[in-house]
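I opened the model to look up its surface patch, core, aromatic pairs and salt bridges. My notes follow in the order of looking.

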Amino acid sequence: MLDFHADLNGVNIKTTCAKYQQLSKRMLKGFDTIVGSDICFWDELTPALFTLIERAMSSGVRQIIISDPGRSPFHKLAKQCKKTFNAKCIDWSVNDPVEHDGELLIIQNH
């Protein structure tokens, strides 16, 4: 699916399959943006994701965007990120091809 979206948008992407804990500062260095969708659905994922976000920020990643339908673990992560990184959460929705809504957690590295 990622390759399809990359082709559709005329961009090149590189993917890596790894656990959050395996993404080192060295691996994250040089990335402008990290995007995650529907990745914070269990309580035990919240600390691992927060630690990954800390590593990414200290590695110079410029922005992180995480989308979620608005589950409790995501809200816990968003609360931590708002406090620590001055992140913001915004509502989003789409109507085509079917109606969906949720939230975007946006973390900017200033």
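Entry 1, surface patch. I looked for nonpolar side chains at the surface of this predicted model and noted a patch of about 410 Å², made by Met1, Phe4 and Leu8. I placed Leu8 in helix H1, residues 2–9. For Leu8 I read a relative accessible area of 60%, so I entered this residue as exposed, the cut-off being over 50%.

Entry 2, core. I then turned to the largest nonpolar core, which has 24 residues. Ile53, Ile64, Ile66, Leu77, Cys81, Leu105 and Ile107 have the most contacts inside it. I listed the elements that give two or more residues to this core: helices H3 (45–58) and H4 (72–85), and strands E2 (63–68) and E4 (100–108). Which of them gives the most? I found that H3 does, with eight residues.

I took Cys81 for a closer look and left out its neighbours within four places in sequence. What remained in contact with Cys81 was Phe50, Ile53, Asn86, Ala87, Leu105 and Ile107.

Entry 3, aromatic pairs. I found two in the structure. Phe41 and Trp42 are edge-to-face, with 4.7 Å from centre to centre and 75 degrees between the planes. Phe41 is partly exposed, at a relative accessible area of 34%. For Phe50 and Phe85 I noted ring centres 5.8 Å apart and planes at 40 degrees, so I entered this pair as tilted. Phe50 belongs to helix H3 and Phe85 to helix H4, so the pair ties together parts 35 residues apart in sequence. Both Phe50 and Phe85 are buried.

Entry 4, salt bridges. I noted four in the structure and wrote up three of them. Arg62 and Asp32 meet through their side chains at 3.4 Å, N to O. Arg62 sits in the loop between H3 and E2, and Asp32 in the loop between helix H2 (25–28) and strand E1 (33–37), so this bridge ties together parts 30 residues apart in sequence. I entered Arg62 as exposed, at 54%, and Asp32 as partly exposed, at 41%.

Arg71 bridges to Asp38, with the closest N and O atoms 2.3 Å apart. Arg71 is in the loop between E2 and H4 and Asp38 in the loop between E1 and H3, so the parts tied together are 33 residues apart in sequence. Arg71 also forms a salt bridge with Asp68, at 2.8 Å between the closest N and O atoms. Is Asp68 buried or exposed? I read 1% relative accessibility for Asp68, which counts as buried. I closed the entry with Asp38, Asp68 and Arg71 linked in a network of salt bridges.

Methods: Residues numbered from 1 in each chain as written. Predicted model: local features only at pLDDT ≥ 70, side-chain atom pairs only at ≥ 80, totals over all residues. Heavy atoms only, no water. Core = buried A, V, L, I, M, F, W, Y, C linked by side-chain atoms within 4.5 Å. Buried < 20%, exposed > 50% of the residue type's maximum accessible area, 1.4 Å probe, protein only. Helix = DSSP H or I, 4+ residues; strand = E, 2+ residues; numbered from the N terminus. Contact = heavy atoms within 4.5 Å. Patch = residues over 30% accessible without salt bridge, like charges linked within 9 Å, V, L, I, M, F, W, Y side chains within 5 Å. Areas by Shrake-Rupley, 256 points an atom, 1.4 Å probe, with all protein chains shown as cover. Phe/Tyr/Trp six-rings, centres within 6.5 Å; stacked < 30°, edge-to-face > 60°.
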